[in-house]
Amino acid sequence: MESGYCNRKKTDSICEGVCDGEHGSKSVLSMSRLKCALRGFDLRALLILLIGVPLLIFLIYVHGQKVTYFLRPIWEKPPKPFNVLPHYYHENVTMDNLCKLHGWKVRETPRRVFDAVLFSNELDILDIRWHELSPYVSEFVLLESNSTFTGIKKDLHFKENRQKFEFAESRLTYGMIGGRFVKGENPFVEESYQRVALDQLIKIAGITDDDLLIMSDVDEIPSGHTINLLRWCDDIPEILHLQLRNYLYSFEFLLDDKSWRASVHRYRAGKTRYAHFRQTDDLLADSGWHCSFCFRYINDFIFKMKAYSHVDRIRFKYFLNPKRIQHVICQGADLFDMLPEEYTFQEIIAKLGPIPSTYSAVHLPAYLLEQFDQYRYLLPGNCMRESG
């Protein structure tokens, strides 16, 4: 071949076509060259590349968060274990003996107790909480904002329903703070802003040194006997986290006993700051209930999903579909289709799937059982919610 070089020692039918292409059309020559260029590719490998890679990207998009949570034990170490303090209680045991059982001394008079909360829209849970704690609380402190943590404008639900809580009116310090409505801001910034404002409201309520201050979200309810114990006993830790039974949607779905963010503080002016993170290693066992997403109305589920600090968990719009939410509630499944947030593979695997139902309604808040007709939806066997 004068115009180019073609090695005739090793040939195949495709390459021969290219070498002899001078006698064919330009289109035939181009196709032959393409075939020659692709002769080293396996067709199956090419299909896997063209179909498999986009499919893999789609699966990562849909289930990437699950993969991340499942692999959590690899990239994140568990926090330091708590020093769990045994908790003794029986209604027929004297306070003197209960304090001694805990290694404490009984006081001549009980401490004053301040219960401080940030309020969003949890009217039923607040009612149950305040009735549970009412015999032991000196002052209820409540702050609400016209903004969610995610910057969504909301009604002042407590202010509009204040008459429902007349039993606590004489011991109530109420405050309202306007939201900042900063678009695109991390929700935890607004949350921190509101907690600082609550810290100021607590001072306005008249708290003084050695008073007890309960720091917890509305749905983290300390048992009344726990607060009574701590107000009557001397030498209790200055800061004590409360281990709460962790329920989801109602008191039918008991997840575990790992709720620990609620805490009780012996107040120190200039030192005590309202917070919702770990502040000590001491944890008092079996001290109450955490009932997360325990709402009467489907609309309240949707509101909280869009309003609280973990709004990023709404990865798809259909998560907010009312029929889906109702189905998830009755199944005891996860609203955000997430895997358990645990630190070992054993714990993750043990919690996979829906939460089993419990049919025990023993040792729940007394007011919940007294008003069972009003709050039946929170009791086992009543998963259906109202649409309003």
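User: Let's start with a single residue. Does aspartate 281 count as buried, partly exposed or exposed, and at what relative accessibility?

Analyst: Happy to start there! Aspartate 281 counts as partly exposed, at 29% relative accessibility. The class runs from 20% to 50%: buried is under 20%, and exposed is over 50%. Keep in mind that this is a predicted model.

User: Which residue meets the side chain of aspartate 281 in a salt bridge?

Analyst: The general idea comes first: side chains of opposite charge can pair when their charged atoms come close. In this structure, the partner of aspartate 281 is arginine 278, with 2.9 Å from N to O. Arginine 278 is also given as partly exposed, with a relative accessibility of 24%.

User: How many salt bridges does the structure hold?

Analyst: There are 30 salt bridges in the structure. Another one links lysine 351 to glutamate 342, whose closest N and O atoms are 2.6 Å apart. Its two ends fall in separate classes: lysine 351 is partly exposed at 23%, while glutamate 342 is buried at 7%.

User: What does the salt bridge of arginine 268 and aspartate 210 tie together?

Analyst: Look at where each residue sits. Arginine 268 belongs to the loop between β12 (263-266) and β13 (282-284), and aspartate 210 to the loop between α8 (187-204) and β6 (212-215), so their pairing ties together parts that are 58 residues apart in sequence. The distance from N to O is 3.8 Å, and arginine 268 is partly exposed, with a relative accessible area of 21%. Both residues also belong to a network of salt bridges with shared partners, which joins Arg107, Arg111, Asp210, Asp234, Glu238, Arg266, Arg268 and Lys271.

User: Now strands. Which strands form the open sheet, and in what order?

Analyst: As a general idea, strands of a sheet pair through backbone hydrogen bonds, either parallel or antiparallel. Here four strands make an open sheet with mixed pairing, in the order β7-β14-β10-β11. Its edge strands, β7 (220-222) and β11 (254-259), each pair on one side only. Ignoring direction, neighbouring strands in the sheet are turned by 25° against each other on average.

User: In what sense do β10 and β11 pair?

Analyst: They pair in the antiparallel sense, over three bridges, with β10 covering residues 244-248. To find the register in your viewer, try asparagine 246, which stands opposite aspartate 256 in β11.

User: Which helix packs on the sheet, and which strands does this helix touch?

Analyst: That is helix α6 (residues 123-133), which touches β7 and β14 (288-292). The direction of α6 makes about 15° with that of β7.

User: How many of the residues of α6 are buried?

Analyst: The general idea is that an α-helix has 3.6 residues a turn, so residues three or four places apart point the same way. In α6, ten of the eleven residues are buried, so this helix is largely enclosed by the rest of the structure. Charged residues are on that buried list too, including Asp124, Asp127, Arg129 and Glu132.

User: What does serine 292 touch?

Analyst: Serine 292 is in strand β14 and is buried, with a relative accessible area of 15%. Leaving aside residues up to four places away in sequence, serine 292 touches Asp219, Tyr247, Leu248, Tyr249 and Lys304.

User: And β12: which residues lie on each of its faces?

Analyst: Ser263 and His265 lie on one side, with Val264 and Arg266 on the other; all are buried, and both faces are covered. Strand β12 runs antiparallel to β6, joined by four bridges, and also pairs with β9 (residues 239-242) in the antiparallel sense over three bridges. Serine 263 is a handy marker: its bridge partner is methionine 215, and histidine 241 stands opposite serine 263 as well.

User: Which residues form the nonpolar patch on the surface?

Analyst: Val67, Phe70, Leu71, Ile74, Trp75, Phe345, Ile349 and Leu352 do, with about 750 Å² of accessible area together. At least two residues come from each of α3 (43-70), α4 (72-75) and α12 (345-350). Tryptophan 75, for one, lies in α4.

User: To finish, how many helices and strands does the chain have?

Analyst: The chain has 13 helices and 14 strands. Of its 388 residues, 45% are buried. The chain exposes about 21,100 Å², with carbon and sulfur atoms supplying 57% of that area.

Note on methods
Residues are numbered from 1 along each chain as its sequence is written. This is a predicted model: local features need pLDDT of at least 70, side-chain atom pairs count only at pLDDT 80 or more; totals for chains, interfaces and linings use all residues. Side-chain values use heavy atoms; hydrogens and water are left out. Patches are made of residues with over 30% relative accessible area and no salt bridge: like charges are joined within 9 Å, nonpolar side chains (Val, Leu, Ile, Met, Phe, Trp, Tyr) within 5 Å. Accessible areas come from the Shrake-Rupley method with a 1.4 Å probe; for residues, only the protein chains shown count as cover. A salt bridge is a side-chain nitrogen of Lys or Arg within 4 Å of a carboxyl oxygen of Asp or Glu. Two strands pair if DSSP finds at least two bridges between them. Axes are lines fitted to C-alpha atoms, for helices over the stretch in contact, and angles run from 0 to 180 degrees between N-to-C directions. Contact means heavy atoms within 4.5 Å. Buried means under 20% relative accessible area, exposed over 50%, partly exposed in between (1.4 Å probe, protein chains only).
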